[in-house]
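Reader: I'd like a close look at just one part of this model, a helix and the strands around it. Could you walk me through it, cut-offs included?

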Amino acid sequence: MEITLIVIGKTNAKYLIEGLDEYTRRLKHYISYNINILPDIKNTKNLSEEQQKETEGKLILNALKPGDFIVLLDERGKEFSSMQFSDYLQRKMNSGLRRLVFVVGGPYGFSKDVYNKADEKLSLSKMTFSHEMIRLFFTEQIYRAMTIIRGEPYHHE
């Protein structure tokens with residue numbers, strides 16, 4: 001199975017890039033993990049929130065492939081502990097999925113079309129984080145889940 005994280009706009013903060021690179025490198029030992037960075041929307045100050053969500057939604061939908069299992073990282077999604085998330089990933093890996101796709105929306109969330117296309121919603125926290133930080137937090141949680149699945153000592157409970 002391949003795991004893909006779809007995000008909008010690149011990360012400029014060096015410390016986040018270094019953290020992402022570190023956990024992405026570590027994940028190569030466990031699973032195919034890719035971050036698909038979609039381009040930022042230009043002239044957003046000329047767009048309403050709804051127009052921005054629609055424009056971003058089209059980019060997201062165009063990045064999906066037939067057969068993808070789509071999980072939106074959304075504040076109204078289901079919350080897991082790290083142990084529960086590792087069980088969730090193990091079930092997805094055992095299910096025969098070819099590609100599990102997690103999506104981070106733009107600053108205003110997702111368009112209706114993206115919500116309609118999604119299979120599930122997952123929340124990393126009730127707190128709000130920047131779109132750049134979510135990439136690092138989520139990638140670390142994927143790595144943590146893989147070490148839990150393998151019984152390695154990274155996670156302490």
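Author: Let's fix one term before anything else: buried means under 20% relative accessible area, exposed over 50%, and partly exposed is in between, using a 1.4 Å probe and protein chains only. This is a predicted model, so local features need pLDDT of at least 70 and side-chain atom pairs count only at pLDDT 80 or more, while totals for chains, interfaces and linings use all residues. Residues are numbered from 1 along each chain as its sequence is written, and side-chain values use heavy atoms, with hydrogens and water left out.

Helices (H or I, at least four residues) and strands (E, at least two) are DSSP runs, numbered from the N terminus. On to helix α3, then: the buried residues here are Ser82, Phe85, Ser86, Tyr88, Leu89 and Lys92. They sit on the same side of α3, because they cover an arc of only 155° around the axis; that arc is taken from the directions from the helix axis to the C-beta atoms. The general rule behind this is that an α-helix has 3.6 residues a turn, so residues three or four places apart point the same way. Turned away from that buried side is a face carrying the exposed residues Arg91 and Asn94.

What do the buried residues of α3 pack against? Their partners are β1 (2-8), β3, β4 (99-104), β5 (120-123) and α5 (131-149), with contact meaning heavy atoms within 4.5 Å. After α3 comes Gly96, whose phi is positive, near 90°.

Now the strands, where pairing requires that DSSP finds at least two bridges between them. β3 and β4 pair in the parallel sense over 5 bridges, and Leu73 has Val104 in β4 as its bridge partner. Getting from β3 to β4, the chain passes through α3, and this β-α-β crossover is right-handed: with the strands pointing away from the viewer, the path from the first strand over the helix to the second runs clockwise. β3 also runs parallel to β5, joined by 5 bridges, and there Leu73 stands opposite Leu122.

One more residue deserves a stop: Asp74, in strand β3 (residues 69-79). At 5% relative accessibility, Asp74 counts as buried. Leaving aside residues up to four places away in sequence, Asp74 touches Phe110, Tyr115, Lys121, Leu122 and Ser123. The side chains of Asp74 and Tyr115 are joined by a polar contact of 2.4 Å.

Technical notes. A polar contact is a pair of N or O atoms within 3.5 Å; within protein, one must be able to donate a hydrogen and the other to accept it, and residues adjacent in sequence count only if both atoms are side-chain atoms.
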